[in-house]
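Okay, everyone, let's get going. I'll put the structure up and walk you through a few spots in it.

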Amino acid sequence: MGNSYFRFKKFNVEQENVSMRVNTDGVLLGAWCSVPFSENAKALDIGSGTGVIALMLAQRLADAQAVDCSVEAVEIDGPSSVQCLKNFTSSPWRKTMKVYNADFQSFAMEQPQKYNLVVSNPPYFNNSLKNPSEVKKTARHTDSLSYDDLADGASKLLVADGILSVILPWEESSVFASVAEEKGFCIKRKCNVFSKRGEEFPKRVLMELSLKKNAEILSEDLCIMEHSLEFTPEYRNLTKDFYLKF
């Protein structure tokens with residue numbers, strides 16, 4: 001069993017009673033996604049778990065001295081939402097953060113607030129063997145939040161020029177992109193994430209989608225490790241404001 005907490009440079013994340021602990025996917029998304037630095041901008045983290053992505057967004061907004069911005073989170077699992085709130089409350093940005101214990105489908109239907117950015121490290125197991133833990137099953141499988149529900153809900157919650165940003169396995173990314181396109185989204189920016197230098201196929205894909213049409217897709221690659229198993233300069237540069245080891 002790992003530590004009951006994960007320490008970053010400017011905040012700590014307690015993770016003992018959560019559906020999903022801090023992982024590389026969440027940190028990648030929190031560091032990579034485009035953050036709206038305009039005055040009164042609002043961001044929403046869907047399926048927040050520990051709240052790590054939301055906390056990273058709050059740090060980035062604060063570091064950029066963004067004015068009157070806020071970060072909110074939605075988490076369906078009760079114990080996870082309680083832990084998420086505690087992590088928010090113990091952070092330097094407690095006054096600008098909020099968590100809702102709710103399923104995203106209901107939240108999207110009832111929430112009048114609009115957001116400039118919606119982020120999610122969503123469930124992506126569609127037909128695989130289910131985890132015996134009900135909590136982990138909810139966090140990992142699309143039964144609780146389908147791609148269709150995620151895209152549909154985000155389209156309702158975003159402002160006209162808002163951005164939906166997600167991270168998915170490479171083989172699932174095209175599936176989600178097709179579903180999102182049916183809801184009016186188009187890919188604005190994407191990043192193919194390779195575990196090691198020289199791999200043929202990426203392990204993950206980071207995507208930003210918008211309801212506003214764009215002329216071209218900005219595409220990039222990111223490698224996490226060299227052949228020597230040392231972290232690459234580009235990965236260090238992306239995450240250096242957060243990881244203690246960098």
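So, how many of the 12 residues of strand β7 are buried? Before I answer: this is a predicted model, where local features need pLDDT of at least 70, side-chain atom pairs count only at pLDDT 80 or more, and totals for chains, interfaces and linings use all residues. Residues are numbered from 1 along each chain as its sequence is written, and side-chain values use heavy atoms, with hydrogens and water left out.

Right, β7. Strands here are DSSP E runs of at least two residues, helices are H or I runs of at least four, and both are numbered from the N terminus. In β7, residues 158-169, 9 of the 12 are buried, so the rest of the structure largely encloses the strand. Buried means under 20% relative accessible area, exposed is over 50%, and partly exposed is in between, using a 1.4 Å probe and protein chains only.

Who are its neighbours? Strands pair if DSSP finds at least two bridges between them. β6 (residues 115-120) runs parallel to β7, joined by 5 bridges, and L117 stands opposite I163 there. With β9 (residues 204-210) the pairing is antiparallel, over 7 bridges, and L164 has L209 as its bridge partner.

Next, helix α7, residues 170-182. Its buried residues are E172, S173, F176, A177, V179 and A180. Looking down the axis of α7, those fall within an arc of 165 degrees, so they line one face of the helix; the arc is taken from the directions from the helix axis to the C-beta atoms. E171 and E182 are exposed on the other side of α7. The cover over the buried residues includes α6, β7, β8 and β9, with contact meaning heavy atoms within 4.5 Å.

Now for the rings. Phe, Tyr and Trp rings (the six-membered one for Trp) pair if their centres lie within 6.5 Å; planes under 30 degrees apart are stacked, over 60 edge-to-face, and the rest tilted. There are 13 aromatic pairs in the structure. One of them, F8 with Y243, is stacked, at 6.1 Å centre to centre and 15 degrees between the planes. That pair links distant parts of the chain, 235 residues apart. Both F8 and Y243 are buried.

And one for the charge people: K245 lies over the face of Y243, at 5.0 Å from the ring centre. The criterion is NZ of Lys or CZ of Arg within 6 Å of the ring centre and within 35 degrees of the ring normal.
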